[in-house]
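Hi,

Here is the structure I promised to pass on. My notes on its strands follow below; have a look at the model alongside them.

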Amino acid sequence: MKCKNFHLCLRVAAFALACWFGLGRLVPVAAQSAGQSGDARPVGPGSTIVHSKFGGQIFGFDIDQNGSEGVLSEDKDIGGGNVLAAVETFDQATGKILKVAAETQTKDNFLTLGIVGTSVGLVEREHVAGIFVVKRIYEELNPLSSNKFTGTWKPPLASTDIIEGISRDQGVATTVTLAFHNDGNNFDSFVFGSNVAANTFDPVITLTDPNFDFNEAPQVAYDSATDEAVVAVSNGEVGGPPPVFALVNLTTGTVNEFNGIPGPPPFRQGSINGLAVDSADGIACTTTEVDFRVEFYNLATETGFAVVLPGATGQLQSGSDVEFDPVNKLFFVAQSVSSTGPGSSIQVYNTQGKLVESLNGFNFSNASNVVFTHIALNPGNRTGYVDGPDSGVTEIQSFTY
């Protein structure tokens, strides 16, 4: 396996490490805006910080768009080869940790996969024997406000299968899982839909095109209007081919592929770092490496266009995570090395690809760690959380938009 660009090398190295060890009102400060947020209040980074209770590194988090809480997992080395691993809920308004839903002091660890459906927290527990993960258990907090594990999600995964990502379309019953086989002989990626709360599953659909192998870090989202998984990937090679998209019907298993737009010379584009879908309008938004662009695709016509991130001049200013606010019709792009202000930024676009505002002054502390930058949104009150600012990855920070 050969890495072809900076961010993909970091991603693959971190992923290999993970597989080896087992993987009230917000008060905004330091905001700069390139557009209007819809009201007169300031926008940007907030002063509400959530600290992991035991001071460990945060391994995934999310916030409930239909409630007032959030969830995170943390992991702290306590010596002797053991870690203190915990799952905690927190108050979105105050940042206060509300409850430790689970805690272990073994070799095991937790990873928050996200909040899915309506207020269902989903957490992966990796059971470690020696230095290898030998079992993965998927715990539910249903609802999140119960502040405890209430059941186990039982997906059709073998013990060696590894989840690459899930869709996070809150309020929609179906969640798409993208995973790959890791049995030493078969590394194919595959997808399936699931109603997590009901523990029901659509058929498992294998992506036979090797473009979607895990080493290329494919991204997944869900188009609820067509009941399709949307998977996007680029092989990350400078001057290489354009991205490839797969539209996967979760019921019939039909896979329709199309090529994205090529990057501009001399850069071309590298790997796809983020993906989100506006199901109502059939629009997919991606971020691409090397050419530091944001791309917008009409999934029905399989056509698209790209815009360069504002002021960006180099690969380090490429975007990463992409999230969509279906209420206010906005795409959010995480930019670890900002091109519009100090530190890190969130660039906000409308569905026509127009920059609405630049939220500057963040520090996305986990840009090269196992769990990459994530933007969690609460569209109802135009707030969110994102990684940082602590370089030890023990905090997440509020923001408004």
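In the hairpin of β7 and β8, two residues lie between the strands, and Gly 130 takes a positive phi near 70°. Helices here are DSSP runs of H or I with at least four residues and strands are runs of E with at least two, numbered from the N terminus. Please keep in mind that this is a predicted model, where local features need pLDDT of at least 70, side-chain atom pairs count only at pLDDT 80 or more, and totals for chains, interfaces and linings use all residues. Residues are numbered from 1 along each chain as its sequence is written, and side-chain values use heavy atoms, leaving out hydrogens and water.

Back to the hairpin: β7 (residues 120–129) and β8 (residues 132–141) pair in the antiparallel sense over nine bridges (two strands pair if DSSP finds at least two bridges between them). Glu 124 of this pairing stands opposite Tyr 138 in β8. Strand β8 is also joined to β9 (residues 151–153) by three bridges, again antiparallel, with Glu 139 opposite Thr 152 in β9.

There is also an open sheet of four strands, in the order β2-β3-β4-β5, with antiparallel pairing. Its edge strands, each pairing on one side only, are β2 (57–63) and β5 (97–106). From one strand to the next, the twist averages 15° (axes are lines fitted to C-alpha atoms, for helices over the stretch in contact, and angles run from 0 to 180 degrees between N-to-C directions). Within this sheet, 10 bridges join β3 (residues 69–79) to β4 (residues 82–91), and Asp 75 stands opposite Ala 85 in β4.

Best wishes
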